[in-house]
Amino acid sequence: MHNEFKVVEGDFANAGKASSDIKKTLKQLNIDNQKIKKIVVAVYEAEVNAIAHAYGGTIYVDIDQDKIVVVIDDVGPGIPDMDKAMTKGFSTASAKVREMGFGAGMGLPNIKNNVDELEIKTEVGVGTEVKMVVNFQ
Amino acid sequence: MKISEIAKILDARILVSNSNLDSRIKYGFASDLMSDVLTLDEEEIILITGLCNIQTIRTAEMANINCLLFVRNKQASEEMIELAMENDMIILQCEYSLFRTVGLLYEKGLRPVY
């Protein structure tokens, strides 16, 4: 099963729509509730990140019998220092992002805690691709 | 603690109540930081917050939290109410400060997550 969602820069009103859609699909597929929560928390954090930091992008969702693969591919500033970005408490978020209840430097560590595989490819001035895999078993 | 009891203790208004007000809440968690809410494993939680925007509802949706309480009479928008109803949530609103709200519920026996 394949699905795609657009990410629009600064569009906080729609942050979470992809995660919400994924949650509904996984429920219909009778995936374990705790598993669904892990997946949607990771995707939601990644969606918020993309909306907050990138200029736009696409979320690709692929679900098969064994796993879900979500790739968020954005055009944006990229991440200059990955180690810093993965450090709890480090954030470059704007005041607007903080007003939304995010931007405390917990996003990437939260994502890492909830997925089985996390791969981040980034190039400064070009963009970032975040690939998350969660196995159902 | 029943949600109806929580509403009574806080003299709270019920903004959305698609679900049963007699359902029970195990833990209270107070935060304005949504990433912190998203770290919780526990469910059957009431999220007590002063952060009142669409992401508060989205965060509750992702974290499987069905009951929210806005302090200081924070007003939920129509869009927030609609999303909460779609997800069968209960939303309460009280005029007390976050500090007083949490103190009252703790005193009456609502347990903290940590």
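In what follows, Asp, Glu, Lys and Arg count as charged, while Ala, Val, Leu, Ile, Met, Phe, Trp, Tyr, Cys and Pro count as nonpolar and the others, Gly among them, as polar. The structure is a predicted model, and with these classes in hand we can begin with one of its pockets.

The second largest pocket, with a volume of about 300 Å³, is lined by 13 residues, and those nearest its centre are K23(A), K27(A), E61(B), N64(B) and N87(B). Sorted by class, this lining holds 3 nonpolar, 4 polar and 6 charged residues. Helix 1 (17-28) of chain A and helix 3 of chain B each supply at least two residues of the lining, and the largest share, 3 residues, comes from helix 1 of chain A.

The largest pocket, by comparison, encloses about 640 Å³ of space, and N49(A), H53(A), I79(A), T92(A) and L108(A) lie nearest its centre among the 33 residues that line it. Helix 2 of chain A gives the largest share of this lining, 7 residues, and the lining as a whole divides into 19 nonpolar, 11 polar and 3 charged residues.

We can now turn to the contact between the chains, which takes 23 residues from chain B and 24 residues from chain A. Together the two chains bury about 1900 Å², with 51% of it on carbon and sulfur atoms, and L38(B), Q55(B) and M62(B) supply 34% of the area that chain B buries against chain A, more than any other three residues. Across this interface there are 16 residue pairs in polar contact, and helix 3 of chain B gives the most to the side of chain B that touches chain A, with 6 residues. The count of salt bridges between the chains is 1, and in it the side chains of K37(A) and E43(B) meet at 3.5 Å, N to O.

Key: Residues numbered from 1 in each chain as written. Chains lettered and ligands numbered in written order. Predicted model: local features only at pLDDT ≥ 70, side-chain atom pairs only at ≥ 80, totals over all residues. Heavy atoms only, no water. Contact = heavy atoms within 4.5 Å. Buried area = accessible area lost by both parts, 1.4 Å probe. Salt bridge = Lys/Arg side-chain N within 4 Å of Asp/Glu carboxyl O. Polar contact = N/O pair within 3.5 Å; in protein donor to acceptor, adjacent residues only side chain to side chain. Helix = DSSP H or I, 4+ residues; strand = E, 2+ residues; numbered from the N terminus. 1 Å grid on protein atoms, 1.4 Å probe; cavity = no way out; pocket = protein on both sides within 12 Å on 5 of 7 lines; lining within 4 Å. Points joined across faces, edges and corners; volume = space filled by probe spheres on them.
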